[in-house]
Amino acid sequence: PHTRDTKGGSKLLTDMRDDLRRNAYRQAGGSLDDDKRAELETGVLDQLITVQAEMQAADEAGLAVHDDEVKRAIVKIEAFHEEGKFNEAKYRKVLEANSQDRVDFEASMHKQLLLDKLHDLVARAAVVSDAEVKAEWEREETSITVEYVRLLPEAFLPGIAVADSELDAFIPANKDRIKAKYDEDYARLYNLPRRYRLHSIVVSTETPGVDVELARARAQGIVADAAKGVPFEDLARQWSDDPSGADGGSMGLVAADALDPALRAAADAAGVGNVSGVVETSKGFTILRVDAIDEARTTSLEEAEREIALRLVRESQVKGTIDTFATKLVAAWSAGGTLPAELVLPLGLPTGTAEPVSLLDSEIPELGPSPELFAALATAKAGDVLPLPVSIKGLGHVVRVASRTAPDPSTFAEGSTRVRARLEFVRRAEIVAAWRKDLVANAKVERFLDG
């Protein structure tokens, strides 16, 4: 087909161009640089060429849309309904609210209905066989549960032996890499503030109507119980109003500037290994157990150089170490039928059993998307340990098929209609997309629309 000379000759095409352009700029949002604006304008032109080529194809196919068809389509649009029926006043009001001219809107509807007819004509080539429906239904109804071991590189790094001579050769040849790694990790590892490792018990006074003095007395009683030797974690689980109470009151390692000044002063006063008195804050009353205080420390590049070099060398070797371990794990798991804890536990590798999935799923919720995994699961049997680690979110996983439940053949008749409809919808969309791409690729543009 040819996209005809449109220079100043078609209001509908000009309006279409303007609508496409407005929608494209609205979706892009914000200010656009010259490159982005040029890209957007090219996209608008491509869409315009596509529509124009399709309209000509519809004309060549002898397709037509009558005014009655346009009216019937408009009457069905719920946005124009009042009390479940088409309302002429509502129709005019909606068009006015959207700054749309009635003639232009109905011309646009005419065009869309014509393209719908064209696409329906093209999509008649879509055929879905009974065998395809049966295979798709089986994939949908097959239920698979997997067990997994996540191969975290961090778990393997400490076990990689590096000779001093190897480090001695590596450091002078990799000064820039070592400096870049030092700069990257400076705030996190090499410029550490004063930090506190704490447990806490919080008696809250934030709830409206709480008796503050009664809360104070309860906090003082907790301090007394701690002084008598009652385990702090037990007291936290029993009395703390903070969510950390369920974990025995652990606050972990807290930087000094992230700690309430009153709590920081109380921790310093109590000292390591001791329980503080009652500390009043905006949240209520807090009791601390001071487990450790790490003084602020800055490590120079020279001091950190060998440690960074060791990590870089280990990281360069960790893939081979993981592959060797995975091969050993697959063999042991396959032979024994149960997870070899003696291999996994010493490394602290995460393990688990995922929720059941079908072969039509694209990911396992607990793990993430992995086309590689689902391709392997398509032929794996219950009890199989997949022969190689599969990559999920960039991490290797050793996976065993814990169970595989085949579909019940007696339910095929019930499910086949749904499956066939889905496959036909997808097949029709694929055929139309391929036809459109070919149509545009072979279109001859005689003149672009100005403006």
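The exercises below work through two sheets and one helix of a predicted model. Residues are numbered from 1 along each chain as its sequence is written. In this predicted model local features need pLDDT of at least 70, and side-chain atom pairs count only at pLDDT 80 or more.

**Exercise 1.** Find which strands stand at the edges of the sheet that contains β4.

Solution. Begin with the order, β11-β4-β15-β14, in an open sheet of four strands with antiparallel pairing, where two strands pair if DSSP finds at least two bridges between them. Strands β11 (351-353) and β14 (390-392) each have a single partner strand, so one side of each is left without a neighbour in the sheet. Next, three bridges join β4 (residues 143-151) to β11, and V149 stands opposite T351 in β11.

**Exercise 2.** Check the length of helix α5 (residues 102-123) against its expected span.

Solution. The expected span is 1.5 Å times one less than the number of residues. For the 22 residues of α5 this gives 32 Å, and because the end C-alpha atoms are 31 Å apart, the two values agree. Then look at the start of α5, where a side-chain oxygen of D101 reaches to within 2.9 Å of the backbone nitrogen of V103. Finally, the buried residues of α5 include F105, M109 and L118, buried being under 20% relative accessible area with a 1.4 Å probe, protein chains only.

**Exercise 3.** Describe how strands β6 and β9 pair.

Solution. Strand β6 (residues 195-204) and strand β9 (residues 284-294) pair in the antiparallel sense over ten bridges, with Y196 opposite I293 in β9.

Note on methods
Heavy atoms only, no water. Helix = DSSP H or I, 4+ residues; strand = E, 2+ residues; numbered from the N terminus. Buried < 20%, exposed > 50% of the residue type's maximum accessible area, 1.4 Å probe, protein only. Polar contact = N/O pair within 3.5 Å; in protein donor to acceptor, adjacent residues only side chain to side chain.
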